Amino acid sequence: QVQLVESGGGLVQAGDSLRLSCATSGRAASMYNVGWFRQAPGKEREFVAAISWSGGNTYYADSVSGRFTISRDNAKNTVLLQMNSLKPEDTAAYYCAAGPFRFRASDSGRLDSYNYWGQGTQVTVSS
């Protein structure tokens with residue numbers, strides 16, 4: 001069992017930066033790949049970024065590539081999502097998730113690759 005708790009969301013203006021944190025705990029949490037997803041009102045949950053259990057590999061959605069950076073510190077059981085140059089279209093509830101899948105681009109973006117999910121943190125970007 002792995003537990004995940006997101007924090008760091010808030011209300012910011014377009015162009016600002018925000019850093020989200022995902023605290024992981026539980027059995028072998030550091031051995032799981034972790035992904036960030038987001039869901040805007042009335043829309044499906046979508047992939048944002050993912051990082052392998054070792055931290056050596058990452059994938060990003062095209063919409064955030066070059067603006068967002070995912071990283072992890074297994075010693076601190078934390079996965080971070082640094083979000084720069086935020087846009088109003090980034091407004092959503094952001095969720096982190098963990099899964100033991102083979103870390104490939106095709107699998108990293110699938111909701112069903114992840115076994116455990118956090119409760120989410122809201123990010124609102126005003127224009």
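Begin by selecting Arg 110, which at 42% relative accessibility counts as partly exposed in what is a predicted model. Add Asp 112 to the selection, and a salt bridge appears between the two side chains, with N to O at 2.8 Å; Asp 112 itself counts as exposed, its relative accessibility being 56%.

From there, widen the view to Arg 38, Glu 46, Arg 67 and Asp 90, which salt bridges with shared partners join into one network. Within this group, centre on Arg 38 and Glu 46, whose side chains meet in a salt bridge at 2.6 Å, N to O. Arg 38 is buried, with a relative accessible area of 6%, whereas Glu 46 counts as partly exposed at 37% relative accessibility.

Next, select Asp 107 together with Arg 104, a salt-bridged pair whose closest N and O atoms are 2.9 Å apart. Here Asp 107 counts as buried at 14% relative accessibility, while Arg 104 is partly exposed, with a relative accessible area of 37%. The count of salt bridges comes to five.

Finally, turn to Asn 33, which lies in strand 4, spanning residues 33–39, and which counts as buried at 2% relative accessibility. Display its side chain and look for two backbone partners: a polar atom of that side chain lies 2.9 Å from the backbone nitrogen of Trp 53, and the backbone oxygen of Phe 101 lies 2.6 Å from a polar atom of the Asn 33 side chain. Leaving aside residues up to four places away in sequence, the residues that Asn 33 touches include Ile 51, Ser 52, Arg 72, Gly 99, Pro 100, Phe 103 and Tyr 114.

Methods:
Residues are numbered from 1 along each chain as its sequence is written. This is a predicted model: local features need pLDDT of at least 70, side-chain atom pairs count only at pLDDT 80 or more; totals for chains, interfaces and linings use all residues. Side-chain values use heavy atoms; hydrogens and water are left out. Helices (H or I, at least four residues) and strands (E, at least two) are DSSP runs, numbered from the N terminus. Buried means under 20% relative accessible area, exposed over 50%, partly exposed in between (1.4 Å probe, protein chains only). A polar contact is a pair of N or O atoms within 3.5 Å; within protein, one must be able to donate a hydrogen and the other to accept it, and residues adjacent in sequence count only if both atoms are side-chain atoms. Contact means heavy atoms within 4.5 Å. A salt bridge is a side-chain nitrogen of Lys or Arg within 4 Å of a carboxyl oxygen of Asp or Glu.
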